[in-house]
Amino acid sequence: MAVRQSRLLSVAKGDYAADLIFKNARVVNVFTGEVEPGNVAVCQGVIAGVGDYQQANRVLDLDGRYLAPGLINGHTHIESSMLDVGQYARAVVPRGTLAVLTDLHEIANVCGFEGIRYVLNCIRRLPLDLLLMAPSCVPATHLETSGASLGTPDIRRLLRLKGCIGLGEVMNFPGVLAGDEMVLSKISSARGKIVDGHAPGVTGKDLNAYIAAGIHSDHESVSLSEAEEKLKRGMYVMVREGSSEKNLEALLPLVTDKTYKRCFFVVDDRSPLDLLEDGDIDAVVRGAINRGLDPVRAIQMATINTAEYFRLDRLGAVAPGYMANLIVLSDLSRLGVEMVFYRGRLVARDKKPLFPLSGVGGKGPTGTVNIKPFGMEALRLFPSGETEPVIKVVPGQIVTRKRMEKVRVSGGVVLPEPERDILKLVVVERHRATGNIGLGLVAGFGLKRGALASSVAHDSHNIVAVGTGDADIFAAVKELARLNGGLVATAGGEVLASLALPIAGLLSDEPLEVVVAGLAELERVARDLGATLPSPFAALSFLALPVIPELRLTDLGLVDVNAFKLIK
C-alpha cells in the first residue's frame, strides 16, 4: 500500500508518468461551482492531480469536452427496477451513475440476509459502488406480514460489514414518536453513522422529536413548505423524482445559494422502462436544468453534496485523491454522457456498457411465493356500515387520501363500481402461507374491466391486486403463484399479459430489454382495460405500504396510517 501511495504522489508531483491523462478537458469543479480548463492525471484508478500534466502511458484528448465526477444516486431501491443486479448496472452505469446508496430493504423483507448477500456478491464484479445502509424496517411495521425480520442484533451485524455506512430510512416514524424500544434501539446501534429518515407529513413538535432521535435526512417531502420546515430544523432534504414520486418541480425552489449544500437528488424508485428511456439520477439532473437550475449546481447536487452527506471522502469530485469515477459530457445543459470511467477504466460509451456480465449473478433466492390455497369466496368484501373507506390514489405521488363513500351492496357483499372508478383492492400474504387476505376499495386506477396484480408491493411484498371483479382478481393471483412472482393483467378470467419475477418475486432473470418490453406490454394492456395512471403497476406497488399516509391495505386489513392502526 505504501508503494502505491508513493507512486500516486510521484504522479501528482509530475515526477512519474500517469496511467491516463484526460487532456484539454473542461473540468466541472464542484467545490467552486465553476468550469476550469486543464488536464487530469489518473494513477491506479485515483485522480493524482488537475493541471498541466503531460506524461502518461495513455492520453485521451477531450478536445474541450466536459469532465465531471460520476453521478451518485443518494437514495434508491434497486429492486424497484425489477432487474437482476448485473442488468441494473447495465441500465444505470452508461447513464453516468457510478455509486448508489441503498438499504436493500425490499429484498430483505422477502428473504432477509440471503437477499442482501446475493446483491452484495453480485455487485463486487461490477463497475458500480453500492454503499449499503442497513435496513431499519424489516418489517416496516407490525401491521403487515413480511418474509423476514431483522432485529437490533442483525442491524449491528450489518453495520460491521465493509461498505455498510449507516442505517437506512427509518420508515416507522410513528414508532419513533411513540418511543418504541425496538425502533430506538436500532437508531442507537448506528450512533456515529448516518441515519436516513422517512417522515411524510411530519411537522411541528413531532418533527422536532423525530430529528432529535438522531435522524439526519428525509426524501418524502411533497410540498415546498414541508421541505422548508425540515431544512430549517437541520435535515438534509433529498429532492426526489422517481417513477411514481414526482417531487422535483415542487421542491426545486428550495434550492438557493443559501440552501443548496443541504439538498441533493435521489430517485427512490425507478422503473426499468424509465431507466432505459429516460435514465437514472441523470434524468433528475436534466429535469432540474430544464427547470432553470444552473447545470454545474445540478451536478453538484448529484455528486459532491451527496458524497459529503454520506461521508464518502473519495467520491463526488474531480480532484486529487478522489476515485477516478468520471463522466465525459458533450453538453452540460443536456447532460449528454459520451463516456463513463470507473476507477480510470472506460466502462461505457454512447450509452452502451463495455463491461462483461460473466460471473455476475448466479442462483438468486427463488421459490418465495408461498400462498395458502383459497377459493374465490375468500375475496368477498362485506359492508361495515353506511359508508366504506376508499383509498384515493394521488397521481404522481405515493401518498393517498382517505375517502368515505356510499357503495353498491348486492347479496350482502360490496361490489366494485368501475363506472365510478371504485375498484376492489386485495392483498394476499405470500411468505408464510398464513391465509391472510386483506380486502378494500381503491379509486384512481380507472379500470373498466379486468384486473392487475403484482408480487411487488412495498415493503413486505405480499401479492397486491386491483380489479373490477373477483374472477379476474382470483385468476391474476393464481397466475402469480404459478410464475413464482411477477406482474399480471387479466380479463374475462384469462391472463392477457405477464412478466415473471422469479428472484424473490421482485427481480427478473431476463435482460434489460426483455424486461422493458414485458412491462411496456403490460402497461399497454392495462390502458386497454381502462387504466388512466401512467405507471399503474408502480402505483399499485405502494398501496400496501403502511408508512405513507393516509390509507393503505395490508394482508392484515385496512390501515389508517395517521392513526397507525388497523381500522378494518
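Strand β22, residues 422-428, is largely enclosed by the rest of the structure, because seven of its seven residues are buried. The model described here is predicted. It holds 26 salt bridges, and its largest pocket has a volume of about 730 Å³.

**Strand β22 and its neighbours**

- Both faces of β22 are covered. On one side the buried residues are Ile422, Lys424, Val426 and Val428, and on the other they are Leu423, Leu425 and Val427.
- Strand β23, residues 437-443, runs antiparallel to β22 and is joined to it by seven bridges. In this pairing, valine 427 stands opposite glycine 438 of β23.
- Strand β25, residues 463-467, also runs antiparallel to β22, with five bridges between the two. Here leucine 425 stands opposite valine 466 of β25.

**Largest pocket**

- The largest pocket, with a volume of about 730 Å³, is lined by 22 residues. Closest to its centre are Asp129, Leu130, Lys162, Gly163 and Arg343.
- Three elements give two or more residues to this lining: α3 (105-123), β8 (129-134) and β9 (164-170). The largest share comes from β8, which supplies four residues.
- By class, the lining of the largest pocket divides into 14 nonpolar residues, one polar residue and seven charged residues.

**Second largest pocket**

- About 320 Å³ of space lies in the second largest pocket. Its lining consists of 20 residues, and those closest to the centre are Ala140, Asn172, Asp180, Met182 and Val183.
- The elements giving two or more residues to the lining of the second largest pocket are α5 (173-177) and α6 (181-189). Helix α6 gives the most, with three residues.
- Eleven nonpolar, seven polar and two charged residues make up the lining of the second largest pocket.

**Salt bridges**

- Side chains of opposite charge can pair when their charged atoms come close. The structure has 26 salt bridges, and three of these pairs, together with one network, are described below.
- Aspartate 257 and arginine 297 form a salt bridge in which the closest N and O atoms are 2.6 Å apart. Aspartate 257 lies in the loop between α9 (248-251) and β13 (263-266), whereas arginine 297 is in helix α12 (residues 295-300), so the pair ties together parts that are 40 residues apart in sequence.
- The two partners fall into separate accessibility classes: aspartate 257 counts as exposed because its relative accessibility is 62%, over the 50% cut-off, and arginine 297 counts as buried because its value of 17% is under 20%.
- Arginine 334 forms a salt bridge with aspartate 331, with 3.4 Å between the closest N and O atoms. Arginine 334 is exposed, at a relative accessible area of 51%, while aspartate 331 counts as partly exposed at 26% relative accessibility.
- Glutamate 417 pairs with arginine 420 in a salt bridge whose closest N and O atoms are 3.1 Å apart. Glutamate 417 counts as buried, at 5% relative accessibility, and arginine 420 counts as partly exposed, at 37%.
- Arg95, Arg270, Asp278, Asp282 and Arg286 are joined into one network by salt bridges that share partners.

Conventions:
Residues are numbered from 1 along each chain as its sequence is written. This is a predicted model: local features need pLDDT of at least 70, side-chain atom pairs count only at pLDDT 80 or more; totals for chains, interfaces and linings use all residues. Side-chain values use heavy atoms; hydrogens and water are left out. On a 1 Å grid over the protein atoms alone, a cavity is a set of points where a 1.4 Å probe fits but cannot get out, and a pocket is an open set with protein on both sides within 12 Å along at least five of seven lines; lining residues have an atom within 4 Å of a point. Grid points are joined across faces, edges and corners, and a volume is the space filled by probe spheres set on the points. Ala, Val, Leu, Ile, Met, Phe, Trp, Tyr, Cys and Pro count as nonpolar, Asp, Glu, Lys and Arg as charged, and the others, Gly among them, as polar. A salt bridge is a side-chain nitrogen of Lys or Arg within 4 Å of a carboxyl oxygen of Asp or Glu. Buried means under 20% relative accessible area, exposed over 50%, partly exposed in between (1.4 Å probe, protein chains only). Two strands pair if DSSP finds at least two bridges between them.
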